[in-house]
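Biologist: I should like to understand the terms used for this model and the values behind them. May we take them one at a time?

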Amino acid sequence: MMAPTLLLHTGFYAVHRRNPNPNFNIRSSLSSQIIKPSSSSSLKLQPNSIRYAVLGAGFAGLSVVWHLLEVKTSLICVDNLVYNVVEQAPKDLHLCIDLYDEVGIGGGASGISGGLLHPYSPKAKLLWRGADCWRECLRLLNIAETTVASCKSDTPSLDFKRDANETIVWRRGIFRPATTLKNADVLSESAHNCLPSCKIELMDEDGAQSFAPHLCMPFNSAIFMPQAVNVHPQRYLQALFLSCKNLVKDLASIDRGEKELCLYQKSFNSLLELADDYDAAIICFGAKADLLPELCGKLPVRTCRGIVTHLNLPTDMGDDYADDSPSVLSDAWLAFQGPRDLIMGSTWDWRSRNYLTRVSEKETLTALEELLPKASVVFPSINKWKLAGAKAGVRAMPPLTPLGSVPLMGNVDYAISGNHKCKYWLLTGLGSRGLLYHGWLGKLMAQAVLSCDEGVLPHELTSWKNKTALPT
């Protein structure tokens, strides 16, 4: 059996036995093993191989990759024929997944998100399929954390430098104060219908002082979600990619066929570039899906650019934010990543086509002027904090339905001209809830792709196709 490999467009990841090293660093492990690849993926030349292209290395794309590797379905489609995995699939079946993203892992909107994770709407009502999304997201977070924990004691013997803080998930809960009297009534009413795995507690200002003394409650009412978490998106995405990398190695050790995962940092001018090389292409580009000529102007999504700011509390200032105090959801959200480190967001620039993550000085100051007054209502001490940086990302916002803002999924072969063996699938429109949605939607998409059956997807996720004028 051939050794499993993981390729990067600018380098090569070799899967090998690791030597103990406690100074593991996620970012270093992704970038320090680079060797120029000498050829394209070898699996593309093998007859009994399944070849998938996943476009986008954010929340959605990496979730799809993980679930394609897990293969939690009894049927699998190879060369347009559906096999029972256990009884009918060809021997020595090879699996090749190529992951494409011109800006790398978490280089887009996913990587700059606030990371505040819970399954509720701003009115504290459970979102559509919120329980499924919450469960599957927590599972992927656990997988990523387990990968990093094992790597810290079992990593390549390279000269890694340990970051001062490599935390992926902060389990400090999330606090949402009422911002109006009407909002206070709505939060109070909704709090009684919550998930056992993500409880909602009603609080007044006296009750909140014990664990959040720095926070204010303008209307003496708030909800607290003690099991909600704050995720560092970049570290999480890098750790999830490492988890996929390790899964390739594990599968190759027990399966008959070879497994291969490749990451290419490149863009495409047309989806037809993939037609001859892949059995399926899964488009997880988020807002950039609309830039593809086959899909341009044909998706019912709106773009929205958001700027988030990174703030630090100067070392000569007191009033550290306690490690066990919660992050905050309000008119401006505050994701605390340490006693002197927070992310504040976000602005909403609708229909923006500015995909640059870099933010100009003027944009940064404008964002601060908008966000600081909102944040100071709940956290007055924020006026002592200093700007450390700012980034921007463009969200793909889906249309509003009676069920809320539901993402877009489905097969889009009819949008691609010509005859081709490649099946095209779309996963987009996760909006500002990409972190919550990605685990469950990635699982569903993998099942649909592996079985070549759009019918496994809930109709709520594919109904957009009935209302969109795409060519047939």
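Biologist: What makes the largest nonpolar core a core, and which residues have the most contacts inside it?

Modeller: A nonpolar core is a set of buried Ala, Val, Leu, Ile, Met, Phe, Trp, Tyr and Cys residues joined through side-chain atoms within 4.5 Å. Buried means under 20% relative accessible area, exposed over 50%, and partly exposed in between, with a 1.4 Å probe and protein chains only. The largest such set here has 84 residues, and Tyr52, Leu68, Tyr236 and Ile282 have the most contacts inside it. Helix α8 (residues 434-451) gives this core its largest share, 11 residues. In soluble globular proteins, nonpolar side chains tend to be buried together.

Biologist: On what kind of model do these statements rest?

Modeller: This is a predicted model, in which local features need pLDDT of at least 70 and side-chain atom pairs count only at pLDDT 80 or more, while totals for chains, interfaces and linings use all residues. Residues are numbered from 1 along each chain as its sequence is written, and side-chain values use heavy atoms, with hydrogens and water left out.

Biologist: How confident is the predictor in the protein chain?

Modeller: The pLDDT, the predictor's confidence in each residue from 0 to 100, averages 85 over the protein chain, and 81% of the residues score at least 70. Residues 31-43 stay under 50, and the model has 36 contacts for them beyond four places in sequence. Over residues 156-164 the pLDDT is also below 50.

Biologist: Which residues does Leu68 touch?

Modeller: Contact means heavy atoms within 4.5 Å. Leaving aside residues up to four places away in sequence, Leu68 touches Tyr52, Val54, Leu95, Ile97, Ile282, Ala446, Val449 and Leu450.

Biologist: How do you know that the length of helix α2 agrees with what is expected?

Modeller: Helices (H or I, at least four residues) and strands (E, at least two) are DSSP runs, numbered from the N terminus. The expected span of a helix is 1.5 Å times one less than its number of residues. For the 12 residues of α2 (residues 59-70) that gives 16 Å, and the end C-alpha atoms are 17 Å apart, so the two agree.

Biologist: Why is α2 called mostly covered?

Modeller: In α2, 12 of its 12 residues are buried, among them Phe59, Trp66, His67 and Glu70. Just after α2, Val71 takes a positive phi of about 50 degrees.

Biologist: Where else is there a positive phi, and is Arg129 buried or partly exposed?

Modeller: Arg129, in the loop between β7 (116-117) and α3 (130-152), has a phi near 55 degrees. Its relative accessible area is 34%, so Arg129 counts as partly exposed. Asn220 also has a phi near 55 degrees, and lies in the loop between α5 (205-208) and β11 (222-225). At 44% relative accessible area, Asn220 is therefore partly exposed. Most residues other than glycine have a negative phi, and most peptide bonds are trans.

Biologist: Which residues does a cis peptide bond join?

Modeller: Gly345 and Ser346 are joined by a cis peptide bond, with omega about -10 degrees. Ser346 sits in the loop between β18 (341-345) and β19 (349-350).

Biologist: Why is Gly130 called buried?

Modeller: Gly130, found in helix α3, has 2% relative accessibility and therefore counts as buried. The C-alpha atoms of Gly130 and Tyr437 are separated by 8.4 Å, although the two residues are 307 apart along the chain.
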